[in-house]
Amino acid sequence: MIPAHVSDGPPLTYTDSFDIPVLFRSGPAKKPRRQWRTAKHKAWTGSDGFLAADGWYAPTTTWREIIKAATEVGRDVTPHLQNQPRYAHGELVARVSPLYAYLGAHPVEPRHPVPGAKGRRLTWNPVYAHGTERSAKSAASYRLGMTMTEWACRSLLGLGQTEHLELGGPIPALLNTFKDPKKKLPDLWGRHEAEELYWLIEAKGGDVGLGTLRKGWAQLAAGSKVLGAYAHRTVLVGASVRPGDDLFLTIDHELHPGQPPLTPAGSDTDDEAAGPGNLEDHLGDSDDALIGAARAQMLAYLALRSAPTSQLRTVPVPADRASRHRRSGLTTPLEDDGLTLAMRADARGAATDAEQHTLRAGIRSMGLDDFLSCRIPGTEVHLGMSRKLFAACERLHEEDLAIARRTPGLRAEDQPAADLELSDGAQEEQRLTQRRIFREQQEEARPRLRPLLRDAYERGAASDWSDLLRRPQEPELDLEGDEGLLEAATPETYLAVSRYDLPPARA
């Protein structure tokens, strides 16, 4: 039973900011004894690369930033959703629901407060502590580990888009070695443009002890051996939390000097580097960044594409992308963004009973764009994107469909009936092989995709949503806004969460 002193009242409403203690160190060690409360933390000042000094830090983040990480990290399941895009909603629910179900927040008073800290930290809630079975706890720990690893590497440290290592690593000549099922390799890899390094990344979550970290370090060592002479960094992130304690991260790392990273397969030598952090900050400079951003948002695109028109809306945001380039993190909260608030107020003041098409033209003349958005069913998370990125995703989806249709063995209907009797392990290996074939086909198509996606991206700016969605109706333009939502945006994407459905205080 949950103890009687735990309040059953409705959750308090507050802005969604939390402090996340982070310990950087050069290798796995014993779990620090409540140093996430007692150590003298350094203030987080943001970074485009890895920190120069190890030790304790106390960055502040938002629930929106964490949810964005949750929706974008892990296995790419979109190859399986080519003909049934509406099931993208289910995958998004699976990625965010454990965080909503089991995380809470509590007030803290660290011994050495950091200026600007919010005094709130995340922890497991009473449901997890008192009523959750072991298998559900393991699943929640896995999702927590993957999410917080993505958040740390991308929002804190400026890493570009992560990819699951099961499909093969960054070096084409080493793909078969990375795909060796006998090797226990790390979870993710990415390329840090500012550091000019590959990163190999392993994620651990839950009550992370030294034994768990040593296993992760061994996985990283195996991946490092495969990369060999190429310069890379190994990063082990432990998202550690126990009921009643604060969620904190340990980031164990090691630098491996060597040859510089290779350009993507078939890269155009005139294409500018994607730059650090968010690919969306560089879409005007890099065709490869555009492909990467579209690939990263395919799950959200499929969810938007398959939602009924009645569930879609468009929200006004400033058309100037530079206003949403963050110095730290990936998202810009909109509730305190003066430019957005002022432009929305002007748009409401100028709005009349005109038709939606006229209203859209009017706000665009004022310097606003309208991003398509919908609530993911079963959650209080709203995802969206610009018409330019939507158009690029649509073109990429068409190319992926063509790959599936022309590649034998990728469709379920192509599988012999006897395969349905395979064990779970054998079926998983079969699906993994299919995903690898799909990814190899995608990379082979990269040189041809560059001009196609660039053209779609540029044409999308002047397209109507009804044309992009291929429907007669335009989604509703929402000029009034929703007081219950906390909104955030990147240069090309939108994310909002319900302020009434955040992790409850005093968990």
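**A tour of the seven-stranded sheet and its helices**

Begin by selecting residues 368-375 and 381-385, which are strands β14 and β15, and you will find them paired in the antiparallel sense over four bridges. Keep in mind throughout that this is a predicted model. Within this pair, highlight Arg375 together with His382 of β15, since these two residues are bridge partners.

Next, keep β15 in view and add residues 298-306, helix α9, which packs on the sheet with contacts to β12 (312-318), β14 and β15, its direction making about 95° with that of β15. Then select residues 387-406, helix α12, which also packs on the sheet, where it touches β14, β15 and β18 (493-498), and whose direction makes about 80° with that of β15.

Now widen the selection to the sheet as a whole, which is open and consists of seven strands in the order β13-β17-β18-β15-β14-β12-β16, with mixed pairing. At its edges, look for β13 (332-333) and β16 (476-477), each of which pairs on one side only.

Finally, move to residues 338-350, helix α10, and set a distance between its end C-alpha atoms: they are 18 Å apart, which agrees with the 18 Å that 13 residues should span at 1.5 Å a residue. Which residues of α10 are buried? Select Thr340, Met343, Arg344 and Ala347, which are buried in this helix; because they cover an arc of only 100° around the axis, they lie on the same side of α10. To see what covers the buried residues of α10, display the elements that include β12, α11 (356-365), β14 and β17 (485-489).

Methods: Residues numbered from 1 in each chain as written. Predicted model: local features only at pLDDT ≥ 70, side-chain atom pairs only at ≥ 80, totals over all residues. Heavy atoms only, no water. Pairing = 2+ DSSP bridges. Contact = heavy atoms within 4.5 Å. Axes fitted to C-alpha atoms, helices over the stretch in contact; angles between N-to-C directions. Expected span 1.5 Å × (residues − 1). Buried < 20%, exposed > 50% of the residue type's maximum accessible area, 1.4 Å probe, protein only. Arc of directions from axis to C-beta.
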